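Okay, thanks for making time, everyone. I'd like to walk you through one chain today, and then we can talk it over. Let me put it up on the screen.

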Amino acid sequence: MAALIGTAWYLANRPPADAAPGGRPGGGARGPGGPGGPRAGGGGSGPLVTVGMAVAKRADIPVYLDALGTVTPVTTITLRPQVSGVMTDVLFTEGQTVKKGDVLARIDPRPYEQALMQAQGTRVRDEAQLEAARVTLARFRTLLGQDSIARQDVDTQAALVKQLEGTVTSDKAAEGAARLNLEYTRVTSPVSGRVGLRTVDPGNYVAGGATTGIAVITQMTPIDVQFSVPQDRVPDIERRVAQGAKLSVTALDRTKASTLDTGVFSTLDNVVDVQTGTVKAKARFGNAGSTLFPSQFVNVQLLLRTVEGAVVVPVTALRTAGTGNYVYVINEDRTVSMRNVKRGESTVESVVITEGLKDGERVVTEGGDRLKDGTTVQLPTDAPAAPRARGGASGARHGASGPRGGASGPRRRPE
């Protein structure tokens with residue numbers, strides 16, 4: 001009976017599992033007051049949730065339309081000779097920037113010079129015949145007035161004058177065509193732009209209107225960028241254009257790290273692509289630094305408008321539930337309140353709150369998944385101080401429990 005009573009007393013008063021081994025005096029002091037004991041963390045309450053915080057503020061938010069665009073030249077010309085012959089000279093360098101009217105190549109002009117001389121000779125001969133016919137007609141009319149010649153002879157001579165006049169007109173047209181062909185032996189640039197790679201070398205025979213041409217000239221300044229906008233945004237764009245606004249368009253590189261050039265919105269297409277639900281648009285850029293290259297892919301940002309004085313918060317502060325959008329507002333007593341809001345336009349980093357939030361209120365940006373309405377939170381600025389305060393209180397309790405632990409040591413020794 002004594003053994004059973006002693007065992008029962010021991011089981012009821014044995015030290016906790018984390019007590020010091022060997023039952024040393026004072027070892028039990030770390031049981032009830034040590035880390036993980038019933039009184040750790042302030043009376044058994046769970047740890048506070050540390051959250052990120054941001055302050056709602058007023059700012060001007062630009063509304064952009066982002067799209068992927070393709071650089072398209074305003075004019076692209078394939079330089080083709082208009083007459084046939086041997087190309088004697090090439091006066092341009094591949095990649096050279098040329099101006100409108102510059103001579104880029106020459107074709108052997110001698111056959112066309114001879115053709116021009118022949119046309120000129122024919123015209124002079126026919127003009128002389130026409131002049132003789134006119135003199136004869138004048139004489140016949142004088143004789144007709146004297147009733148010395150038949151009227152039929154006068155009419156025949158007048159018809160001959162008109163025939164020779166038509167012949168002279170044809171001769172002048174043939175002479176003009178010959179002179180034009182002679183000018184075409186000088187191949188000139190029809191536009192200002194950049195010359196591509198040469199396809200024909202000097203000394204080769206070229207045919208007039210050949211499909212390959214001599215080279216391709218691309219107009220570089222100004223230059224267009226073609227991109228697509230969602231069909232839902234078309235009314236907004238047309239409204240802004242109708243108001244006379246010049247919409248700014250920015251062309252960015254592939255990584256959106258640097259700006260290539262800034263231009264102005266030009267026009268919209270007249271149909272919607274049924275496969276993508278978008279409408280093609282075009283913007284024009286000055287391209288003074290030649291940073292835009294034909295057929296280059298660029299990222300396009302169209303500045304539709306600017307929302308002035310809007311209440312904005314970071315994008316991470318806005319959350320979505322079945323009831324709509326909401327944010328966690330941090331109160332003065334460090335509790336949070338879930339508040340439904342209405343969102344507006346947004347950027348990559350910020351979102352406009354049109355209803356439900358005021359300027360200067362604090363909202364949770366990180367850690368919202370662990371919160372609910374009324375939860376007490378800890379801010380990053382005061383998180384380090386809280387553990388030290390709880391640790392000091394726990395240490396005090398540990399120190400106070402030491403004597404009790406020491407006093408309880410001798411009571412265990414009789415066992």
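I'll start with the whole chain, then go through sheets, cores, one arginine and some backbone oddities.

One thing up front: this is a predicted model, so please keep that in mind throughout.

Right, the overview. The chain has 415 residues, and 33% of them count as buried. On the secondary structure side, we have 7 helices and 23 strands. If you take contacts with a separation of 6 or more, 75% of them are between residues 24 or more positions apart. For the surface people: the accessible area is about 24400 Å², with 52% of that belonging to carbon and sulfur atoms.

Now the sheets. Just as a reminder, strands of a sheet pair through backbone hydrogen bonds, and the pairing can be parallel or antiparallel. One open sheet here has 4 strands, and reading across you get β4-β11-β9-β6, with antiparallel pairing. Which strands sit at the edges of that sheet? Those are β4, residues 76-79, and β6, residues 97-98, and each of them pairs on one side only. Between β4 and β11 there are 4 bridges, again antiparallel. If you want a spot to click on, I77 stands opposite I217 in β11.

Further along the chain, look at β13, β14 and β15. β13 and β14 run antiparallel, joined by 5 bridges, and T250 has T262 in β14 as its bridge partner. These two strands make a hairpin with 6 residues between them, and in that hairpin K256 has a positive phi near 60 degrees. Then β14 goes on to β15, also antiparallel and also through 5 bridges. There, T267 stands opposite K282 in β15.

Okay, packing. The largest nonpolar core has 24 residues, and the ones touching the most other members are F227, I237 and F265. Which elements feed into that core with two or more residues? We have β3 (57-73), β12 (223-230), α6 (234-242), β13 (248-252), β14 (259-268), β15 (278-285) and β16. There's also a second, separate core of 18 residues, with M87, L104, A105 and V191 among them.

Let me zoom in on I237 for a moment. Skipping neighbours within four places in sequence, I237 is in contact with L65, V229, L247, F265, L268, L302 and L304. So F265, another of those residues with the most core neighbours, is also on the contact list of I237.

While we're on side chains, here's a quick one: how many aromatic pairs does the structure hold? Just 1. The rings are those of Y326 and Y328, with centres 5.6 Å apart and planes at 85 degrees, so that counts as edge-to-face. Both Y326 and Y328 are buried.

Next, the arginine I promised: R305. You'll find R305 in strand β16, which covers residues 297-314. Is R305 buried or exposed? In between, as it turns out: R305 is at 31% relative accessibility, so it counts as partly exposed. Leaving out residues up to four places away in sequence, R305 touches I61, P62, V63, R233, R240 and E345. With E345 there's a polar contact, side chain to side chain, at 2.9 Å. And I61 is 244 residues away from R305 along the chain, yet their C-alpha atoms are separated by 8.7 Å.

Last stop, the backbone. Most residues other than glycine have a negative phi, and most peptide bonds are trans. So here are the places to check in your Ramachandran plots. S290 is not a glycine, but has a positive phi of about 55 degrees. S295 also has a positive phi, near 70 degrees. Where are these two serines? S290 is in the loop between β15 and β16, and S295 is in the loop between β15 and β16 as well. S290 is at 44% relative accessibility, so it counts as partly exposed, whereas S295, at 56%, counts as exposed.

And then there's the omega entry. The peptide bond from T221 to P222 is cis, with omega near -10 degrees. P222 is in the loop between β11, residues 215-218, and β12.

That's my tour. Happy to go back to any of those spots on the screen.

Notes:
Residues are numbered from 1 along each chain as its sequence is written. This is a predicted model: local features need pLDDT of at least 70, side-chain atom pairs count only at pLDDT 80 or more; totals for chains, interfaces and linings use all residues. Side-chain values use heavy atoms; hydrogens and water are left out. Buried means under 20% relative accessible area, exposed over 50%, partly exposed in between (1.4 Å probe, protein chains only). Contact means heavy atoms within 4.5 Å. A polar contact is a pair of N or O atoms within 3.5 Å; within protein, one must be able to donate a hydrogen and the other to accept it, and residues adjacent in sequence count only if both atoms are side-chain atoms. A nonpolar core is a set of buried Ala, Val, Leu, Ile, Met, Phe, Trp, Tyr and Cys residues joined through side-chain atoms within 4.5 Å. Rings of Phe, Tyr and Trp (its six-membered ring) pair if their centres lie within 6.5 Å; planes under 30 degrees apart count as stacked, over 60 as edge-to-face and the rest as tilted. Accessible areas come from the Shrake-Rupley method with a 1.4 Å probe; for residues, only the protein chains shown count as cover. Two strands pair if DSSP finds at least two bridges between them.
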